[in-house]
Amino acid sequence: MKTFLNKYMKAKKEASEQELQDHKDTFEVTIDRVFAAFGKGAFRPRRTINVAVFDSLMVAIAECPNASTAQIQAAYQSLLDDEEYVLWTSKATSDEKIVDSRIERAIDVLNAAS
């Protein structure tokens, strides 16, 4: 994960103001949609925030801009019922293959709900 983040930050070091603004806008819209769907309980399959759930849901919701609040909620429940996804959000969470797998699964489930 450290290597991935370092590479990404190096590649984005010279990002234009417009690119930075676009990323900021995408983040803000996505987090607003998350809050509409889950409120303060977002990313908390148990008591505390799960960073692995956070990364996969944020990417999926950003990648599926037409998904409704109800569809986001249904997809989230489906993911929490998916034993493999739960494993990917609780064990070896920074392994690149696992990160890719859980993000891909979240996108697929949300697309299927849309």
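**Entry 1: overall fold**

In what order do the elements of the protein chain run from the N terminus on? I read them off as α-α-α-α-α-α. The model is a predicted one, and I kept that in mind throughout. My count for the protein chain is six helices and zero strands.

I then looked up the dimensions. Along the principal axes, the C-alpha atoms fill a box of roughly 40 × 30 × 25 Å. The radius of gyration is 14 Å, which agrees with the value near 13 Å for a compact globule of 114 residues. I noted that 31% of the 114 residues are buried. Of the contacts with a separation of 6 or more, 65% are between residues 24 or more positions apart.

**Entry 2: helix α2**

I went to helix α2, which covers residues 17–38. This helix has 22 residues and reaches 31 Å from its first C-alpha to its last, close to the 32 Å expected at 1.5 Å a residue.

Which residues of α2 are buried? I listed Thr30, Arg33, Val34, Ala37 and Phe38. They lie on the same side of α2, because the arc they cover around the axis is only 110°. The buried residues of α2 pack against α3 and against α4 (69–80). On the other side of the helix I found Glu17, Gln18, Val29, Asp32, Phe35 and Ala36 exposed. Just after α2 comes Gly39, and I read a positive phi of about 60° there.

**Entry 3: salt bridges**

How many salt bridges are there? I get five salt bridges, and I looked up three pairs in turn.

Lys12 and Glu19 form one, with the closest N and O atoms 2.7 Å apart. Both ends are partly exposed: Glu19 has 25% relative accessibility, and Lys12 has a relative accessible area of 29%.

Asp55 and Arg102 form another, the closest N and O atoms being 2.8 Å apart. Asp55 is in helix α3 (residues 51–63) and Arg102 in helix α6 (residues 96–113), so this pair ties together parts that are 47 residues apart in sequence. Are the two ends buried or exposed? Arg102 is buried, at a relative accessible area of 1%. Asp55 is at 19% relative accessibility and therefore also counts as buried, because the cut-off is under 20%.

Arg105 pairs with Glu84, and here the closest N and O atoms are 2.8 Å apart. This pair links distant parts of the chain, with Arg105 in helix α6 and Glu84 in helix α5 (residues 83–88), 21 residues apart. I have Arg105 as partly exposed at 22% relative accessibility, and Glu84 as partly exposed at 40%. Asp82, Glu84 and Arg105 are joined into one network by salt bridges that share partners.

**Entry 4: Ser56**

I turned to Ser56, which lies in helix α3. Its relative accessibility is 0%, so I entered Ser56 as buried.

Which backbone oxygen does the side chain of Ser56 reach? The side chain reaches that of Val53, at 3.2 Å. Not counting residues up to four places away in sequence, Ser56 touches Tyr85, Arg102, Ile103 and Ala106. One of these, Arg102, I had already entered as the salt-bridge partner of Asp55.

Definitions and conventions: Residues are numbered from 1 along each chain as its sequence is written. This is a predicted model: local features need pLDDT of at least 70, side-chain atom pairs count only at pLDDT 80 or more; totals for chains, interfaces and linings use all residues. Side-chain values use heavy atoms; hydrogens and water are left out. A salt bridge is a side-chain nitrogen of Lys or Arg within 4 Å of a carboxyl oxygen of Asp or Glu. Buried means under 20% relative accessible area, exposed over 50%, partly exposed in between (1.4 Å probe, protein chains only). Helices (H or I, at least four residues) and strands (E, at least two) are DSSP runs, numbered from the N terminus. A polar contact is a pair of N or O atoms within 3.5 Å; within protein, one must be able to donate a hydrogen and the other to accept it, and residues adjacent in sequence count only if both atoms are side-chain atoms. Contact means heavy atoms within 4.5 Å. The expected span of a helix is 1.5 Å times one less than its number of residues. The arc is that of the directions from the helix axis to the C-beta atoms. The radius of gyration is taken over C-alpha atoms; the globule rule is 2.2 Å times the number of residues to the power 0.38.
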